[in-house]
Amino acid sequence: MMSSTTTDSSSSVDVALIGGGVMSATLGVFLRQLQPDWRISIFERLDSVAEESSDAWNNAGTGHSALCELNYTPQKADGSVDISKAVAVNEAFQISRQFWSHLVEKDIIASPRDFITPVPHMSFVWGEANVAFLRKRHEALNAHPLFSGMEYSEDPAQMAQWMPLVMQARPPGQPLAVTRSLNGTDVNYGALTRLLFSYLTETAGCTLHTKHDVLNIKRGPDGRWQILVQDLRLNTQRTINARFVFIGAGGGALSLLQKTGIPEAKGVGGFPVSGQFLRCTNPEIVAQHRAKVYGKASVGAPPMSVPHLDTRMIDGKPALLFGPYAGFSTRFLKHGSLMDLPRSIRPDNIKAILSVARDNWALTKYLIEQVMQSNSERMNALRDFVPTARSKDWELVVAGQRVQIIKKDAQKGGVLQFGTEVISSQDGSIAALLGASPGASTAAPIMLTVLKKCFAEKLPEWDAKLKAMIPSYGQTLANNPDLCAELRDKTTKVLQLADD
């Protein structure tokens, strides 16, 4: 647990970061490297950093690189597979890998194994139509430099070697297929977040304030942002003035963004989706599986609900999760209020919210079915992946809360967006991150977007430093196979990702 009761002697800072998750931590490290003379203050409502979406038990820990996530490669009407989103997601994760490698090389992170572990990524399907789809997907991806080395098999004996737990006692004769990539990783984003904040708080001019709740954000007469903060330990309030504000408060970002009054926040709403996992309690079973095995999502399911059997490394110990089972709560944060959703509804976004409710009955039906599931129904879903699963070896755990973005649309009234989006003021003095998956995996490229939107005038000055941190900065790996291979090999070595 990492917390701080430090109090600034100054009420004015250059940068205020709201939220103690991986996004604020990543932006803080970028800015500390680029502009070490700036004063930075971080405010977190809970006792410690990384206790919401960044916590290891609140997400799947997948290094989202589209190696196994089938929702990133939709099948088009003509039967072909569209890999454009998969390429974009993988490219983004390579930027995160470069950034983390830089931090290891600079001894900002002492040991990469404290937060990242090599774990094979697999896609597993059954049924003739799904097998045909996976075969086409593999052909399309394996020809691309970002996905080179991906293996494919329909051989049960080969699959039994790759994922023995999944193949145990599986009925013969069923069409099955799997892809495997040894470039996959498991990432403990909670551990990563704590490592980044540990570095930040050891530098001059950077302070972390836990148990501090941001109550309001408004523009001051001098153009700076006035942040009203309550110290929950002392029950006192004070105002911090900041030249730049980043709202990286997960599901709590929307309500804070709305308080700013910037025009860019008008018409934006949120749709919360909660998650649960089955966690294996039998170490003997955990030891039989070492992979992230992703299947196909149910019809109407949101992207974050793609079923997967997940090897995790948490606090140095292997764990095994299956899920997620989606649910619905009006909370925007796991530790939030049941009034979060009602309070977020405004005259400027109610039309978009109602339009989304009207147009997404499949999602609504799916969530209702998930909420009403019995334990036996959850176990049946697990047995699609682990035929020998016994109820006594698994327990239900509540994962994190995600808020999908709702935005105004001229034709539909409102649309539900999956993914993440940076919303910033026209002058670049404030920015907020909204949305969910792939989220933490792409923290570094998302924060580069923040830098481009909010510090455009500084980019020429920062160019050399950014290229030192991100060697592919300003280039596209997807269009440069040699650089792609070079940087993948380098980051694999620096991050110690050659499997043991």
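**Exercise 1.** Which residue takes a positive phi in the hairpin of β14 and β15? Find this residue, then follow the pairing of β15 on both sides.

*Solution.* Bear in mind as you work that this is a predicted model.

- Step 1: Start at the turn. The hairpin of β14 and β15 has 2 residues between the strands, and Asp 315 takes a positive phi near 55 degrees.
- Step 2: Move on to the strands joined by this turn. β14 (residues 308-314) runs antiparallel to β15, with 7 bridges between them; here Leu 309 has Phe 322 of β15 as its bridge partner.
- Step 3: Look for another partner of β15. Strand β12 (residues 269-280) also pairs with β15 in the antiparallel sense, over 5 bridges. In that pairing, Leu 278 is matched with Phe 322.
- Step 4: Check how covered β15 is. Of the 11 residues in this strand (residues 317-327), 9 are buried, where buried means under 20% relative accessible area.

**Exercise 2.** Now step back: why can the chain be called as compact as a globular protein of its length?

*Solution.*

- Step 1: Take stock of the elements. The chain holds 15 helices and 19 strands.
- Step 2: Compare the radii. The radius of gyration is 22 Å, close to the 23 Å that the globule rule gives for 500 residues, so the chain is as compact as a globular protein of that length.
- Step 3: Add the burial. Buried residues account for 56% of the 500 residues.
- Step 4: Turn to the contacts. Of those between residues at least 6 apart in sequence, 73% link residues at least 24 apart.

Key: Residues are numbered from 1 along each chain as its sequence is written. This is a predicted model: local features need pLDDT of at least 70, side-chain atom pairs count only at pLDDT 80 or more; totals for chains, interfaces and linings use all residues. Side-chain values use heavy atoms; hydrogens and water are left out. Helices (H or I, at least four residues) and strands (E, at least two) are DSSP runs, numbered from the N terminus. The radius of gyration is taken over C-alpha atoms; the globule rule is 2.2 Å times the number of residues to the power 0.38. Buried means under 20% relative accessible area, exposed over 50%, partly exposed in between (1.4 Å probe, protein chains only). Contact means heavy atoms within 4.5 Å. Two strands pair if DSSP finds at least two bridges between them.
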